[in-house]
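Open the model in your viewer and keep the sequence panel visible. This tour goes from one selection to the next and says what is there.

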Amino acid sequence: WSTRNGAPFGHSTYTAGAVVLFLPWMVLQAWFARGRTRVLWLIVSGLALLVLASTSSRGGVLAVAGTGAAAAGVAVVLGPWSRQRKLLFGAGALALGAVVVLTNPRLRELVLQREWSEGARESNRQRQAMLEAGWKLGLARPLLGWGPGSVPLAYPQVRAELDGGTENI
């Protein structure tokens with residue numbers, strides 16, 4: 001048991017990415033289904049949201065929130081519902097967003113403490129450094145890039161210029 005993979009579904013970012021990719025399709029299936037099939041798709045969509053919340057991926061939560069806001073906007077504008085039903089739909093979407101934020105430890109701490117935790121600040125600094133590294137590597141070879149498999153060889157050239165970042169990316 002000691003040699004088992006601690007993350008059998010991969011890095012939490014990959015899991016969050018899969019949820020972000022498939023959740024709109026699941027919701028669309030629920031939208032057009034009827035009866036028991038709709039209930040099944042709603043349960044699957046709810047479970048996908050729980051999986052997303054369990055990953056603690058801020059990017060995944062923000063991506064689903066953006067996708068959900070766009071979809072809700074389209075549904076409200078194009079939907080044949082009464083004004084009261086549209087307001088109820090909006091209130092439900094806000095409530096769902098609040099639940100998602102409160103179940104995500106990093107976002108919950110940001111909302112309650114009004115600042116990032118030390119771990120989140122370090123993660124943000126590393127992400128900023130990786131964006132800067134990608135920008136510098138892209139500027140160095142903008143037309144064709146570095147070629148397959150050569151970024152790990154080129155990365156050390158920009159690593160020394162970064163404020164933060166990781167040594168093995």
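The stops below cover three helices of this predicted model.

**Stop 1: helix α1.** Select residues 12-32, which make up helix α1. This helix has 21 residues and spans 30 Å from its first C-alpha to its last, close to the 30 Å expected at 1.5 Å a residue. Now look at phenylalanine 22, where α1 has a kink of about 35°. Proline 24 follows shortly after the kink.

**Stop 2: the buried residues of α1.** Stay on α1 and show the side chains of Thr15, Ala16, Val19, Leu23, Met26 and Ala30, which are buried. What lies over them? The cover of these buried α1 residues includes α2 and α3 (58-78).

**Stop 3: helix α2.** Select residues 35-55 for helix α2, and find leucine 47 in it. Is leucine 47 buried or partly exposed? Its relative accessibility is 48%, so leucine 47 counts as partly exposed, the band for that class ending at 50%. Add Val39, Ile43 and Leu50 to the selection: together with Leu47 they form a nonpolar patch on the surface. The accessible area of the four together is about 380 Å². On spacing, an α-helix has 3.6 residues a turn, so residues three or four places apart point the same way.

**Stop 4: helix α5.** Select residues 105-113, helix α5, and pick leucine 112. Leucine 112 counts as exposed because its relative accessibility is 54%. Then pick leucine 102, which is 10 residues from leucine 112 in sequence. From C-alpha to C-alpha, leucine 102 and leucine 112 are 9.2 Å apart.

Technical notes: Residues numbered from 1 in each chain as written. Predicted model: local features only at pLDDT ≥ 70, side-chain atom pairs only at ≥ 80, totals over all residues. Heavy atoms only, no water. Patch = residues over 30% accessible without salt bridge, like charges linked within 9 Å, V, L, I, M, F, W, Y side chains within 5 Å. Areas by Shrake-Rupley, 256 points an atom, 1.4 Å probe, with all protein chains shown as cover. Salt bridge = Lys/Arg side-chain N within 4 Å of Asp/Glu carboxyl O. Helix = DSSP H or I, 4+ residues; strand = E, 2+ residues; numbered from the N terminus. Buried < 20%, exposed > 50% of the residue type's maximum accessible area, 1.4 Å probe, protein only. Expected span 1.5 Å × (residues − 1). Bend = angle between axes of the 7 residues up to and from the residue. Contact = heavy atoms within 4.5 Å.
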